[in-house]
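Please open the model in your viewer and keep the selection tool at hand. The tour below proceeds stop by stop, each one saying what to select and what is found there.

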Amino acid sequence: MHLLQPQTEVSISSLVSTISTADSDISNRQVQLSTWENLCTEAEQVDWLILHFNRWFSHLNVNLVKGDFEPEYFPAIDSTPARIQFAHGFFNSALHEISHWSIAGDQRRLLPDLGYWYAPDGRTAEQQALFEQVEIKPQAIEWLFATAFGRKFRVSLDNLTGEGGDGNRFKDHVFAQVQAYFSGQAQLPRDAKHFIDCICLCTRAGKTLQSDEFQREMLD
């Protein structure tokens with residue numbers, strides 16, 4: 001993959017302080033266009049996510065869109081906003097693609113597929129090891145997103161016909177990365193933090209994520 005500018009990171013000692021209702025510049029009225037808890041189907045939740053993501057990040061000229069095929073990122077061209085295309089209308093696919101986008105910096109957002117190298121299903125052991133290394137942060141951030149929505153998160157090694165890799169070790173790394181965000185050892189990308197802020201206002205009445213909501217055994 002291309003090693004280009006990463007997303008701006010936000011120094012936080014704990015995600016517990018992600019939102020301060022007293023001094024936050026966002027509110028339920030500004031953030032929520034329709035009520036999350038009244039949605040009954042995944043299709044309704046997907047439509048809600050698209051509507052709200054596109055509102056929350058309109059200042060960055062990017063749209064979240066359903067795709068009929070594999071996920072892909074398309075940079076902005078002329079008057080056409082950038083597009084984060086997720087696979088087959090799946091909610092979890094949308095969260096995963098948003099996590100990759102949130103990590104990418106301004107320069108990578110100018111490139112197709114954010115400048116990532118990607119080997120398809122059927123990777124060798126060496127390719128799979130590289131894939132897993134690149135996927136630790138995106139999947140850790142995806143876990144934060146999913147938990148904010150009250151959804152189950154599952155790690156993905158995404159190599160059904162190739163070398164499967166060490167699933168337990170990968171889960172250990174994803175869990176450690178999440179804990180590093182809470183402890184302040186790692187910094188959360190700016191746009192990932194903004195996304196979590198907005199989700200929590202809509203789905204948890206502003207209650208922030210807590211480190212004890214993330215346990216290693218949840219990944220098994």
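Throughout this tour, a residue is called buried when its relative accessible area is under 20%, exposed when it is over 50%, and partly exposed in between, with a 1.4 Å probe and protein chains only. Helices (H or I, at least four residues) and strands (E, at least two) are DSSP runs, numbered from the N terminus. The model is a predicted one, in which local features need pLDDT of at least 70 and side-chain atom pairs count only at pLDDT 80 or more, whereas totals for chains, interfaces and linings use all residues. Residues are numbered from 1 along each chain as its sequence is written, and side-chain values use heavy atoms, with hydrogens and water left out.

**First stop: the strand β4**

Select residues 82-87, which form strand β4; five of these six residues are buried, so the strand is largely enclosed by the rest of the structure. Two strands are said to pair if DSSP finds at least two bridges between them. Add residues 62-67, strand β2, and you will see it pair with β4 in the parallel sense over six bridges; to locate one of the matches, pick G67, whose bridge partner in β4 is A87. Then add residues 72-74, strand β3, which runs antiparallel to β4 and is joined to it by three bridges, with E72 standing opposite Q85 of β4.

**Second stop: the sheet and the helices on it**

With the three strands displayed together, the order β2-β4-β3 can be followed across an open sheet with mixed pairing. The strands β2 and β3 stand at the edges with a single partner strand each, so one side of each is left without a neighbour in the sheet. From one strand to the next the twist averages 20 degrees, where angles run from 0 to 180 degrees between N-to-C directions and axes are lines fitted to C-alpha atoms, for helices over the stretch in contact.

Select residues 42-56 next: this is helix α2, which packs on the sheet, touches β2 and β4, and has a direction that makes about 160 degrees with that of β2. Contact here means heavy atoms within 4.5 Å. Helix α3 also packs on the sheet, touching β2, β3 and β4, and its direction makes about 140 degrees with that of β4.

**Third stop: α3 and its neighbour α4**

Stay with α3 and colour it by accessibility: 12 of its 13 residues are buried, among them F91, L95, H96, I98, W101 and I103. From its first C-alpha to its last, α3 reaches 19 Å, close to the 18 Å expected, the expected span being 1.5 Å times one less than the number of residues.

Now bring in α4, which packs against α3 at an angle of about 125 degrees with the axes 8 Å apart. That makes α3 oblique to α4, on a scale where angles under 35 degrees count as roughly parallel, over 145 as roughly antiparallel, 65 to 115 as roughly perpendicular and the rest as oblique. The crossing of α3 and α4 is right-handed; a crossing is given that name if the near helix is turned clockwise from the far one by less than a right angle, and left-handed if anticlockwise. To inspect the interface, display residues of α3 including L95, S99 and I103, and residues of α4 including P138, I141 and F145.

**Fourth stop: from α4 to α5**

Select residues 167-183, helix α5, whose axis comes within 8 Å of that of α4 and crosses it at roughly 55 degrees. This makes α4 oblique to α5. Among the residues making the contact are I136, A140 and W143 of α4 and F170, V174 and Y181 of α5.

**Last stop: two residues with positive phi**

Which loop holds L114? The residue is in the loop between α3 (91-103) and α4 (125-148), and its phi is positive, about 60 degrees, although it is not a glycine. At 3% relative accessibility L114 counts as buried, and, leaving aside residues up to four places away in sequence, it touches Y73, H100, W101, A104, R108 and R109. The C-alpha atoms of L114 and I84 are separated by 9.9 Å, although the two are 30 residues apart along the chain.

Finish at D78, in the loop between β3 and β4, which also is not a glycine and has a positive phi of about 50 degrees. Is D78 buried or exposed? At 79% relative accessibility, D78 counts as exposed.
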